[in-house]
2 protein chains.
Amino acid sequence: MRGETFFKATMNQALEHIAQFQVGDALPSENTLTRSLQASRTTVRKVLDDLDKRGIFTGPPGARLLARHPDPSDYFADTETIATAAQVEKKFLEWMLRADRKPGDFVNGLDLARQFGVPVNAVREYLNRFGRFGLIERRPNSSWIIRGFTCDFALELFEVREIFELRSALAFARQPETAAAFKTLAKLEAEHHDLLGDLDTRFHDFSDLDERFHRLINTTSGNRFIVEFHDVISLIFHYHYQWGKSDERDRNAVAIAEHLDYIAALFSRDPARVEKACRLHLTSARKTLLASISTG
Amino acid sequence: MRGETFFKATMNQALEHIAQFQVGDALPSENTLTRSLQASRTTVRKVLDDLDKRGIFTGPPGARLLARHPDPSDYFADTETIATAAQVEKKFLEWMLRADRKPGDFVNGLDLARQFGVPVNAVREYLNRFGRFGLIERRPNSSWIIRGFTCDFALELFEVREIFELRSALAFARQPETAAAFKTLAKLEAEHHDLLGDLDTRFHDFSDLDERFHRLINTTSGNRFIVEFHDVISLIFHYHYQWGKSDERDRNAVAIAEHLDYIAALFSRDPARVEKACRLHLTSARKTLLASISTG
DNA sequence: AAATTGTTTTTTATCCGTTAAATGCTATGT
DNA sequence: ACATAGCATTTAACGGATAAAAAACAATTT
């Protein structure tokens, strides 16, 4: 049997959606809700049925007039709404990035499943997909073996990152000034300034901004393999940020300054300037990552 | 329950191995066989037990003196020794590369499983891993959707291929003359000449040679992401070769000439020459692929 | 002691039943 | 005609059961 996580997540979404209506209002049609909740009509129907049983509607059957606003007890706990796949990813990466994993160690799927409290299949499937990140290696009919989050790994990762991003950045700069990407870039620039103005309290937000900025650049390459590679980068970085906490604020301050310089270069659309700013930033990002690997 | 494919495959390997011995010889120890057959001792033991039951050994129990040579009926049929995973790959790619697959079509796992005569899970797992090749795209809780073996795909593939291979080729040429890779290259060069001398009958062998040549170059990059990307290339090409059959002989003749030029450039260790030969070959390979997509 | 074999325990791979969710079809109302 | 809702069918995901293969351990031989 399939867990009801998706149903529960959809329910929570629906409750948030409903909260915006006034008591007495009629809710939109099933089809409309299907679109706003991003689920199939079957699931939406099940949610509506359930809501009806909880007495959130009034009027004749099928009228769906709002009887009351949802209250906090209507919501499912967040933990129940996270798909097992996502849980595995999170737990596995936390497990993986713990400093005591050494190259050559092997990964025991059964044991991990027990530790994580998920079915063996979920781990197995995750490992299969995670394989492409290059941190683990499969031996046929046997377990996975850890290649490790080593300096070599970081260097190889950055070698490709630099090739791809430099290429994408130059392509970005070649776009006509009117391209939509420049508008998005302007917004991101503003966000950088905002963050810089309030850095002491909000420096954690940089991780997300960083991801969106680099994604924008890589996306303009229009090459699925380059965009896909960015997923690797972004996953590694996402978990890595949570790991090497020391002087996070200062590191982020430096990175923001570099980003702003890089963004200005992109707006100038001068290839030489773009190349310089891009290289500068990536070099410093690489240093940061390497430093935290050798100390961690 | 797990099919016995691995056992059967190991058995066939063992039979081939045994055929090299003389009647009356004692077979090597279990541990030794474990190494030469690339299986665990448990499996080797099961094979030996089975062989004993077939009366292939003589002498006291455990002596393993060869009583007779294996005959053809001892072998399992090849079809029984191919792991389901490999079957799925083959069948799926054949299905995928048929010309009538259009972008936007969706992939029905259940249906494919029936068509291929394999369990649903096998298809599911394969699709998960195949996802990284960029030819299909996943929609959560729903089927996969085909992005298609289109011109766009080929162009994106070659964009990355050129970046990676050019870089690897230049790194190759920078190696000291004494590097082991140059010896391997010399062997491959000889194989090219052999093939060229007997092209009319053996032109099919080029596919394999091509793969090994490009793999050698990419491997010297020492970058796992570059090497991994070569797997994508090589899979696509492998199946593509079987597809666009027309003027295969002539196309291969051209490619061999380009390879020989490329190899000579690598031996010269002159960066400019390497770059030129590499670009020339890749450009022509791209043209070939594109041509067959638009006609197919 | 080192290698070899016999035995037991773990771990992995595969298959299958079950249910959530999606999709498709039909009737009804607007 | 079109959107909506009810009903039926298909498909995908999950979890467990179990056999195959690997790994660990103990006993034996060379």
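This is a working chat about a predicted model with chains A and B.

Biologist: What do I need to know about numbering and the model before I start?
Modeller: Residues count from 1 along each chain as its sequence is written, and chains are lettered from A and ligands numbered from 1 in the order in which they are written. The model is predicted, so local features need pLDDT of at least 70 and side-chain atom pairs count only at pLDDT 80 or more, while totals for chains, interfaces and linings use all residues.

Biologist: How many helices and strands in chain A?
Modeller: Chain A has 14 helices and 5 strands. Helices (H or I, at least four residues) and strands (E, at least two) are DSSP runs, numbered from the N terminus.

Biologist: What does the C-alpha trace of chain A span?
Modeller: About 70 × 55 × 35 Å along its principal axes.

Biologist: And what share of chain A is buried?
Modeller: Buried residues are 23% of the 296 residues in chain A. Buried is 20 or more other C-beta atoms within 10 Å of a residue's own, exposed is 12 or fewer, and partly exposed is in between, with C-beta atoms placed from the backbone.

Biologist: What share of the contacts in chain A with a separation of 6 or more is between residues 24 or more positions apart?
Modeller: That share is 67%. Two residues are in contact if their C-beta atoms, placed from the backbone, lie within 7 Å.

Biologist: Switching to the pair of chains. What turn lays chain A on chain B?
Modeller: A turn of 180° with a shift of 0.1 Å along the axis, giving an RMSD of 0.2 Å. The two copies are thus related as by a two-fold rotation axis. In chain A, the C-alpha nearest that axis belongs to A:R129, at 3.0 Å. The superposition is by least squares on the C-alpha atoms of residues with pLDDT of at least 70 in both copies.

Biologist: How many residues does each chain give to the contact?
Modeller: Chain A gives 16 residues and chain B gives 16 residues. On the side of chain A that touches chain B, the elements giving two or more residues are α7, α8 (151-174) and α12 (224-241) of chain A. By class, that side has 5 nonpolar, 4 polar and 7 charged residues. Ala, Val, Leu, Ile, Met, Phe, Trp, Tyr, Cys and Pro count as nonpolar, Asp, Glu, Lys and Arg as charged, and the others, Gly among them, as polar.

Biologist: Do the copies meet through the same surface or different ones?
Modeller: The same surface, because 100% of the interface residues of chain A are also interface residues in chain B.

Biologist: You mentioned α7. How does helix α5 of chain A cross helix α7 of chain A?
Modeller: The axes of α5 (residues 84-97) and α7 (residues 120-130) of chain A come within 10 Å and cross at roughly 65°. That makes α5(A) roughly perpendicular to α7(A). Axes are lines fitted to C-alpha atoms, for helices over the stretch in contact, with angles from 0 to 180 degrees between N-to-C directions. Under 35 degrees counts as roughly parallel, over 145 as roughly antiparallel, 65 to 115 as roughly perpendicular and the rest as oblique.

Biologist: Which residues of α5(A) and α7(A) meet?
Modeller: From α5(A), A:T84, A:A85, A:V88, A:E89 and A:F92; from α7(A), A:A122, A:V123 and A:Y126. The contact has 6 nonpolar, 1 polar and 1 charged residues.

Biologist: Over to chain B. What's the angle between α9 and α11 there?
Modeller: About 160°, with the axes of α9 (residues 180-197) and α11 (residues 206-219) of chain B 11 Å apart. The two helices are therefore roughly antiparallel to each other.

Biologist: What do α9(B) and α11(B) bring to that contact, by class?
Modeller: The contact residues divide into 8 nonpolar, 2 polar and 2 charged. Among those from α9(B) are B:L185 and B:L188, and α11(B) brings residues including B:F213 and B:L216.

Biologist: Last topic, backbone. Which residue in the loop between α13 and α14 of chain A should I look at?
Modeller: A:R269, in the loop between α13 (248-268) and α14 (271-295). A:R269 has a positive phi of about 60° although it is not a glycine. Most residues other than glycine have a negative phi. With 15 C-beta neighbours inside 10 Å, A:R269 is partly exposed.

Biologist: And B:N141, where is that?
Modeller: In the loop between β4 (136-138) and β5 (144-146) of chain B. Phi of B:N141 is also positive, near 60°. B:N141 counts as exposed, with 11 C-beta neighbours inside 10 Å.
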